[in-house]
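Biologist: I should like a close look at a single part of this model, starting from one turn and following its connections outward. Please state each criterion as it arises.

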Amino acid sequence: MPEDQSVPRKVERLTEILGTDLHDLCDAAEAAIVDGGGFGWLTPPPRQMMESYWKGILVVPERDLFVARLDGTIGGSAQLVRPTRNNEAGATVGTLSTFFLAPWSRGYGLAVQLIERVAKTARETGLEVLQLDVRETQERAIHVYEQLGFRRWGSNPRYAWVDGRWVTGFYYYRDLDPDAVTP
């Protein structure tokens, strides 16, 4: 638990990478990966690859990149992935993807703020459901998802290969309409 809750916090949608943002994103992602919470990467990739990844996110039309700042420094991110135009059947279902916080930025409420900001944007763009998947080993993230009303609907015992063994993955969804009646 952090000692100083007065540290300035901010969650925002990033539409361009300015100043130290690219460096901060790479540093935060590397710290999260090393800590075991790195959205698919198990070991930090070369820095140039990581920089290309972040730059590339901003040019994908269906993706919105959100960042969490602690005292002005990016300490985590999440992405809203909207369905492609040819996906009429899934046109109202978005995906919360690549959510992470660097260990040093945890405990300040940024996880909740970041996820709620993604959900708010999803609602504003006409999405009615937000889905996600997560490794069973990412217990902190699972706790936050469930705290925010995400409902687990399934699992896959062969979701990811980590440290020489299969790790189960969990699948979640959340109705973005508070009055929705879930079947």
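Modeller: Asp163 lies in the loop between β6 and β7, where strands (E, at least two residues) and helices (H or I, at least four residues) are DSSP runs numbered from the N terminus. The model is predicted, and local features need pLDDT of at least 70, side-chain atom pairs count only at pLDDT 80 or more, and totals for chains, interfaces and linings use all residues. Residues are numbered from 1 along each chain as its sequence is written, and side-chain values use heavy atoms, with hydrogens and water left out.

Asp163 is not a glycine, yet its phi is positive, at about 50 degrees. Asp163 is also exposed, with a relative accessible area of 77%; on this scale, buried means under 20%, exposed over 50% and partly exposed in between, with a 1.4 Å probe and protein chains only. The turn belongs to a hairpin in which 2 residues separate β6 from β7.

The two arms of this hairpin, β6 (residues 151-162) and β7, pair in the antiparallel sense over 8 bridges; strands are said to pair if DSSP finds at least two bridges between them. Within that pairing, Gly154 stands opposite Tyr171 in β7. β7 (residues 165-175) also pairs with β5 (residues 129-135), in the antiparallel sense and over 7 bridges. There, Val134 stands opposite Phe170 of β7. Phe170 has a further partner: Arg152 lies over the face of its ring, 3.6 Å from the ring centre. The criterion for such a charge over a ring is that NZ of Lys or CZ of Arg is within 6 Å of the ring centre and within 35 degrees of the ring normal.

Aromatic pairs come next. Rings of Phe, Tyr and Trp (its six-membered ring) pair if their centres lie within 6.5 Å, and planes under 30 degrees apart count as stacked, over 60 as edge-to-face and the rest as tilted. By this rule there are 9 aromatic pairs. In one of them, Tyr53 and Trp54 have ring centres 5.0 Å apart and planes at 75 degrees, so the pair is edge-to-face. Another pair, Trp161 and Trp166, is edge-to-face because the planes stand at 75 degrees, with the centres 5.2 Å apart. Trp166 is partly exposed, with a relative accessible area of 35%. Tyr53, at 22% relative accessibility, likewise counts as partly exposed, whereas Trp54 is buried at 0%.

Ring pairs link Trp54 and Tyr53 with Trp41 and Phe100 into a cluster. Phe100 has its place in strand β4 (residues 93-101) and counts as buried, at 2% relative accessibility. Apart from neighbours within four places in sequence, Phe100 is in contact with residues including Leu25, Phe39, Trp54, Ser77 and Leu114, a contact being heavy atoms within 4.5 Å. Thr98 also lies in β4, and its phi is positive, near 50 degrees, although Thr98 is a residue other than glycine. Unlike the exposed Asp163, Thr98 counts as buried, at 14% relative accessibility.

β4 and β3 run antiparallel, joined by 5 bridges, and Leu80 stands opposite Leu96 in β4. Strand β3 (residues 73-81) is mostly covered, with 8 of its 9 residues buried.

Leu96 leads to the core. A nonpolar core is a set of buried Ala, Val, Leu, Ile, Met, Phe, Trp, Tyr and Cys residues joined through side-chain atoms within 4.5 Å. The largest such core has 31 residues, and Leu96, Leu130, Tyr145 and Phe150 are those with the most contacts inside it. Elements giving two or more residues to this core include β4, β5 and β7, while α3 provides its largest share, 7 residues. Setting aside neighbours within four places in sequence, Leu130 is in contact with residues including Leu80, Leu96, Phe150 and Tyr172. A second, separate core of 17 residues includes Cys26, Phe39, Met50 and Leu65. In soluble globular proteins, nonpolar side chains tend to be buried together.
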